[in-house]
Amino acid sequence: MASKLKAPSGHDARSAKTREHLLEATIEVIGSVGYEAASTRILAKAANANLSAIPYHFGGKKALYLAAAQMIADYARSRFEEVGALLDGRVDAEPRSRFEDALIHLLHIVLEDAEPHSWTSFLARCTYDNDKAFELIHKEAIKPLVDRLALAAREMSDPKATDEAIRLRVSAIVTAIMSFRVLRGIVLRSIEWDDFQDEHVAQFEAMVRDLYRSNFLVDFNIDQ
């Protein structure tokens, strides 16, 4: 007779909830004040948890910080895989068309604003610090995205273009697209908008399409 799956106990459910609250609080607090200022006491209080919960669930503050970064990396990787799927799918479509669609989809992911704002602050801080948390997010989410886009660009570029030159250009446009989220204040103040509205999306799309069609990414002359 097949054994029945054991239902989670009340303790297991509470433990999982405490762990979830600690991760959410860590992203919120570190996104606001930074890693150094976020003491374990502050993190536990923000999570409405006992101070002992941090070493119990994560071993310490640094491990908790990296676990929070891992949660963001896992989510970002799943979204960025949608971009790769567009490059790999629609085999009947011309490669340039697939590449352009992939960039536009990345733009929409960034503009969706689907995640808590604290995630953006957390990412901005660890990116600026270029620390172990950002190393993790970059390795598991951003680098695979850049690698996939660079591979597609390589197939369409001047054969004389170096891989470094292609990756630099791909990184530049990925950074430009992500800046609409991470550096949104600069964009909003530069064009005197109060916030991003639905009617603005078409303008962002046009900009990305113009940049791509200008041969900034592919078929560029490396001697110029």
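These legends accompany several close-up views of a predicted model.

**View 1. The whole protein is a run of helices.**
Welcome to the structure, which has 10 helices and zero strands. Reading along the sequence gives the pattern α-α-α-α-α-α-α-α-α-α. The C-alpha atoms fill a box of roughly 60 × 60 × 35 Å along the principal axes. Of the 224 residues in the protein, buried ones make up 40%. Take the contacts between residues at least 6 apart in sequence: 69% of them join residues at least 24 apart.

**View 2. Helix H6 leads up to a residue with positive phi.**
Let us begin with H6, which covers residues 117-129. How far apart should the ends of H6 be? At 1.5 Å a residue, its 13 residues should span 18 Å, and the end C-alpha atoms are 19 Å apart, so the two values agree. The buried residues of this helix are Ser 118, Trp 119, Thr 120, Phe 122 and Cys 126. Phe 122 also belongs to a cluster with Tyr 35 and Tyr 65, linked by ring pairs. Just after H6 comes Asn 130, with a positive phi of about 50°.

**View 3. Two loop residues, Asn 130 and Glu 192, have positive phi values.**
Asn 130 sits in the loop between H6 and H7. Its phi is near 50°, a positive value in a residue other than glycine. Is Asn 130 buried or exposed? Asn 130 counts as exposed because its relative accessibility is 56%, and the cut-off for exposed is over 50%. Glu 192 belongs to another loop, the one between helix H9 (184-190) and H10. Here phi is near 55°, again positive in a residue that is not glycine. With 73% relative accessibility, Glu 192 also counts as exposed.

**View 4. Helix H7 has a kink centred on His 138.**
H7 runs through residues 132-156. At the start of H7, a side-chain oxygen of Asp 131 reaches to within 3.2 Å of the backbone nitrogen of Ala 133. Further along, look for His 138, the centre of a kink of about 45°. What span should H7 have? Its 25 residues, at 1.5 Å each, should span 36 Å; the end C-alpha atoms lie 34 Å apart, so the helix agrees with the expected value.

**View 5. Glu 135 is a partly exposed residue of H7.**
Glu 135 has its place in helix H7. Why does Glu 135 count as partly exposed? Its relative accessible area is 45%, and the partly exposed class lies between the 20% and 50% cut-offs. Now find Leu 66, which is 69 residues from Glu 135 in sequence. In space, the C-alpha atoms of these two residues are 9.9 Å apart.

**View 6. Leu 149 is one of the best-connected members of the largest nonpolar core.**
The largest nonpolar core holds 65 residues. Which residues touch the most other members? They are Phe 99, Leu 103, Phe 122, Leu 149 and Val 170. H7 gives the most to this core, with 13 residues. Setting aside neighbours within four places in sequence, Leu 149 is in contact with Val 83, Leu 87, Phe 99, Leu 103, Val 170 and Val 174.

**View 7. Phe 99 and Tyr 212 form a stacked aromatic pair.**
The structure holds six aromatic pairs. In the pair of Phe 99 and Tyr 212, the ring centres are 5.3 Å apart and the planes meet at 5°, so the pair is stacked. This pair links distant parts of the chain, with Phe 99 in helix H5 (residues 95-112) and Tyr 212 in helix H10 (residues 201-213), 113 residues apart. Both Phe 99 and Tyr 212 are buried.

**View 8. Phe 180 and Phe 204 form a tilted aromatic pair.**
These two rings are 4.5 Å apart from centre to centre, with 50° between their planes. Phe 180 lies in helix H8 (residues 163-182) and Phe 204 in helix H10, so the pair ties together parts that are 24 residues apart in sequence. Are Phe 180 and Phe 204 buried or exposed? Phe 180 is buried, with a relative accessible area of 7%. Phe 204 is buried as well, with a relative accessible area of 6%.

Conventions: Residues are numbered from 1 along each chain as its sequence is written. This is a predicted model: local features need pLDDT of at least 70, side-chain atom pairs count only at pLDDT 80 or more; totals for chains, interfaces and linings use all residues. Side-chain values use heavy atoms; hydrogens and water are left out. Helices (H or I, at least four residues) and strands (E, at least two) are DSSP runs, numbered from the N terminus. The expected span of a helix is 1.5 Å times one less than its number of residues. The bend at a residue is the angle between axes fitted to the seven residues ending there and the seven starting there. A polar contact is a pair of N or O atoms within 3.5 Å; within protein, one must be able to donate a hydrogen and the other to accept it, and residues adjacent in sequence count only if both atoms are side-chain atoms. Buried means under 20% relative accessible area, exposed over 50%, partly exposed in between (1.4 Å probe, protein chains only). A nonpolar core is a set of buried Ala, Val, Leu, Ile, Met, Phe, Trp, Tyr and Cys residues joined through side-chain atoms within 4.5 Å. Contact means heavy atoms within 4.5 Å. Rings of Phe, Tyr and Trp (its six-membered ring) pair if their centres lie within 6.5 Å; planes under 30 degrees apart count as stacked, over 60 as edge-to-face and the rest as tilted.
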